[in-house]
Amino acid sequence: MGFWNLIQEIKYYVKLEGFSRPFKKFLLYQSPLSKFVNTPIYNKIYLNQIKKRAKRIEPKILQIETTNACNARCLMCPHRLMKRKQKTINLEDFKKILDNVMKNYKIERLTINGFGEPFTDKGIIEKIKYVNQRYPKLKIDIFTNAGLLTPELTENLLKTGLGRITFSINGLEEGYQEVTGLNYENTKRNVLYFLDEKNKRGKKFLVNVSMMILKENEKRAKEFIKFWGSKVDSVRAYYPSDWAGELKENMGEQKIPYGRKQWPCSAPWTHIVIHSNGEFLKCCRDFESREIFGNLLEGDDIKKLRNSKKFKEFQKKQLNFDFSSPVCSTCDHAYDSSIEWWLW
């Protein structure tokens, strides 16, 4: 990463998360202190912090999968393997899920995404408006491939209150259709139009562009960053997950650090993930709903579910370094969680 790209990223994350969290990431990932991470002394201190924080941390991020339908066929996404029935949440069910969680927890950020393209949902604007009106301080995140981002949809989105939008573009002209199944010129035109209209209106929400690095696009990653870097708040080019061992092909030069110490994951404490049929899951990696802890569309209360014997036993297993649960046993994220508990 070049110097100016680094400065851009620092500004972006300070706007997104405040100063404390990015500063901690810098210290433990990029400063000389990073050499201290995973040493015996560090591990002892870190484990003590995990146990303390696990007693007091409450969820800050809610992810509601408004739909699991998608217009793309991305090589690095498990959507093409998913056997779950496609479903789009209607407005009343969306309200029911959101209100259930918000009455119980002080959620700071809502991600309107899951294993689908949010703009396949014809009612997405009404859902965002409801959030804006009912919970005006709640920051809204949307991740989209922009293939369906028409001028009309752009107009309607810019009338709402977004916190951040991420365009998952995943390449330049060469190889783009092979990677995503979408037309590059259409995606590019849609995003540039959106950015132009956003700037005309003086909208201040954050815009991120991302690219997952695969063997089909990795040679042009620097060009990708250079092209989009001057147009948005942040550009990320990174290696994809293998989705808990379910998707190992098309991984580019990804090297999962399996030799690194595996730590308890903070996600079951900090995040709440709800699938489009109302199911409450342990985390965002469980694309097939392999372990369900309840259903908010069947009358379950989220606080009772998170305090249930089943969920508490799952959390206890994590704290005891027992990663035998479905998804956890093969998850690559656990091998890169050597600092995340400091961030909450």
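1. Is F167 buried or exposed? In this predicted model, F167 is buried, since its relative accessible area is 0%, and buried here stands for anything under 20%. F194 likewise counts as buried, at 0% relative accessibility.

2. F167 and F194 also belong together as a ring pair, one of the 17 aromatic pairs that the count comes to. Their ring centres are 5.4 Å apart and their planes stand at 75°, so the pair is classed as edge-to-face, the class that applies to planes over 60 degrees apart. The pair links distant parts of the chain, because F167 sits in strand 4 (residues 164–168) and F194 in helix 8 (residues 184–201), with their positions 27 residues apart in sequence.

3. A second ring pair is formed by F280 and F293, whose centres lie 6.0 Å apart and whose planes make an angle of 55°, so that this pair is tilted. F280 is a residue of strand 8 and F293 a residue of strand 9, and the pair therefore ties together parts that are 13 residues apart in sequence. Both F280 and F293 are buried. Elsewhere, ring pairs join F36, Y42, Y46, W263, F321, F323 and W342 into a cluster.

4. Helix 12, which runs over residues 309–319, has F311, F314, Q315 and Q318 as buried residues. These residues cover an arc of only 95° around the axis, which means that they are on the same side of helix 12. The general background is that an α-helix has 3.6 residues a turn, so residues three or four places apart point the same way. On the other side of helix 12, K309 and K316 are exposed. The cover over the buried residues of helix 12 includes helix 10 (267–270), strand 8 (279–281), strand 9 (292–295) and helix 11 (302–306); strand 8 and strand 9 are also the elements that hold F280 and F293, respectively. Just after helix 12, F321 adopts a positive phi of about 60°, and F321 is also one of the residues in the aromatic cluster.

5. Helix 9 (residues 221–229) can be read in a similar way, with A221, F224, W228 and G229 buried. Viewed down the axis of helix 9, the buried residues fall within an arc of 115°, so they line one face of the helix. K222 and K226, on the other side of helix 9, are exposed.

6. The second largest pocket has a volume of about 190 Å³, and the residues lining the pocket are F119, D121, K122, I124, I125, L148, T150, E152, L153 and N156. Helix 5 (124–134) and helix 6 (151–157) are the elements that give two or more residues to this lining, and the largest share, three residues, comes from helix 6. Sorted by class, the lining of the second largest pocket comprises five nonpolar, two polar and three charged residues.

7. Y135 is found in the loop between helix 5 and strand 3 (139–144), and at 13% relative accessibility Y135 counts as buried, because the cut-off for that class is under 20%. Leaving aside residues up to four places away in sequence, Y135 touches L98, D99, M102 and Y130. Of these contacts, M102 is 33 residues from Y135 in sequence, while the C-alpha to C-alpha distance between Y135 and M102 is 8.7 Å.

Key:
Residues numbered from 1 in each chain as written. Predicted model: local features only at pLDDT ≥ 70, side-chain atom pairs only at ≥ 80, totals over all residues. Heavy atoms only, no water. Buried < 20%, exposed > 50% of the residue type's maximum accessible area, 1.4 Å probe, protein only. Helix = DSSP H or I, 4+ residues; strand = E, 2+ residues; numbered from the N terminus. Arc of directions from axis to C-beta. Contact = heavy atoms within 4.5 Å. 1 Å grid on protein atoms, 1.4 Å probe; cavity = no way out; pocket = protein on both sides within 12 Å on 5 of 7 lines; lining within 4 Å. Points joined across faces, edges and corners; volume = space filled by probe spheres on them. Nonpolar A, V, L, I, M, F, W, Y, C, P; charged D, E, K, R; others polar. Phe/Tyr/Trp six-rings, centres within 6.5 Å; stacked < 30°, edge-to-face > 60°.
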